[in-house]
Amino acid sequence: MAEPLLVMRHGEAGHGVPDAERELTAQGRREAERMAAWLAARDDLAGLGLLASPYRRAQQTAAIVGQALGLEAEALSIITPDDSPRAVADWLLEQPQGRPLLLVSHMPLVGALTGLLVEGRADRGLGFPTAALAELEAEVWAAGCARLVRFITPSDLT
């Protein structure tokens, strides 16, 4: 089985324009910290690649997670809210195997990507509360080829 793919939505963000500049709220920071602590307690994520949307709220969430894991987040331009889940799936196919990945992104992309990989259809995705995380595994990151291992939200960890 391939290494896991973790798909996480950013923590709660405030309102604002432009959308790319919206920042985490205090609640969003707490949500990200809770998920980061849960991830840091795991022992199966050695070599994790941490990638985040270039939007501020995703970068802030990834920085909190990265701090807990001792990692630097890399920006990935193709995981903004309205990007194509098929483009992300194609990108995943190009990645070397043997390295777990954590993508910090946005709705609707996180839901659509999860739906595409698990159900084969982007319109069958999960609704992600803020800072929720889906863990997937697959032999190949193609439509309908993944299995949802777990879905966890910050409120599950209280």
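Is Glu 139 buried or exposed? Glu 139 counts as exposed because its relative accessibility is 52%, and the cut-off for that class is over 50%. The model discussed here is predicted.

## Sheet architecture

The strands form an open sheet of six, arranged in the order 3-2-4-1-5-6 with mixed pairing. Its edges are strand 3 (74–75) and strand 6 (147–152), each of which pairs on one side only. Helix 3 (residues 85–94) packs on this sheet, where it touches strand 1, strand 2 (49–52) and strand 4. The direction of helix 3 makes about 160 degrees with that of strand 4. Helix 4 (residues 109–119) lies across strand 1, strand 4, strand 5 (133–137) and strand 6, and it runs at about 150 degrees to strand 1.

Strand 1 (residues 5–9) and strand 4 (residues 101–105) run parallel and are joined by five bridges. Within strand 4, Val 104 stands opposite Met 8. Strand 1 is also joined to strand 5, in this case antiparallel, by four bridges. There, Val 7 has Ala 134 of strand 5 as its bridge partner. Strand 5 in turn pairs with strand 6 in the antiparallel sense over five bridges, and Glu 135 has Arg 150 of strand 6 as its bridge partner. Strand 5 is mostly covered, with four of its five residues buried.

## Loops and backbone geometry

Two peptide bonds that precede proline are cis. One joins Val 17 and Pro 18, with omega about 0 degrees; Pro 18 is placed in the loop between strand 1 and helix 1 (26–40). The other runs from Met 107 to Pro 108, with omega near 5 degrees, and Pro 108 belongs to the loop between strand 4 and helix 4.

Ala 131 sits in the loop between helix 4 and strand 5. Its phi is near 65 degrees, a positive value in a residue other than glycine. Ala 131 counts as buried because its relative accessibility is 0%.

## Accessibility of selected residues

The table sets out four residues by location and accessibility.

| Residue | Location | Relative accessibility | Class |
|---|---|---|---|
| Glu 139 | loop between strand 5 and strand 6 | 52% | exposed |
| Glu 72 | loop between helix 2 (56–69) and strand 3 | 72% | exposed |
| Gln 60 | helix 2 | 15% | buried |
| Ala 131 | loop between helix 4 and strand 5 | 0% | buried |

Glu 139 and Glu 3 are 136 residues apart along the chain, and their C-alpha atoms are separated by 8.7 Å. For Glu 72 and Gly 49, which are 23 residues apart along the chain, the C-alpha separation is 8.8 Å.

Why does Gln 60 count as buried? Its relative accessibility is 15%, and buried means under 20%, so Gln 60 falls in that class. Leaving aside neighbours within four places in sequence, Gln 60 is in contact with Glu 23, Leu 24 and Arg 29.

## Largest pocket

Rolling a probe the size of a water molecule over the atoms shows where empty space is left. In this model, the largest pocket holds about 180 Å³ of space. Its lining comprises 15 residues, and those nearest its centre are Leu 92, Gln 95, Pro 96, Gln 97 and Trp 141. By residue class, the lining of the largest pocket divides into nine nonpolar, three polar and three charged residues.

How values were computed: Residues numbered from 1 in each chain as written. Predicted model: local features only at pLDDT ≥ 70, side-chain atom pairs only at ≥ 80, totals over all residues. Heavy atoms only, no water. Pairing = 2+ DSSP bridges. Helix = DSSP H or I, 4+ residues; strand = E, 2+ residues; numbered from the N terminus. Contact = heavy atoms within 4.5 Å. Axes fitted to C-alpha atoms, helices over the stretch in contact; angles between N-to-C directions. Buried < 20%, exposed > 50% of the residue type's maximum accessible area, 1.4 Å probe, protein only. 1 Å grid on protein atoms, 1.4 Å probe; cavity = no way out; pocket = protein on both sides within 12 Å on 5 of 7 lines; lining within 4 Å. Points joined across faces, edges and corners; volume = space filled by probe spheres on them. Nonpolar A, V, L, I, M, F, W, Y, C, P; charged D, E, K, R; others polar.
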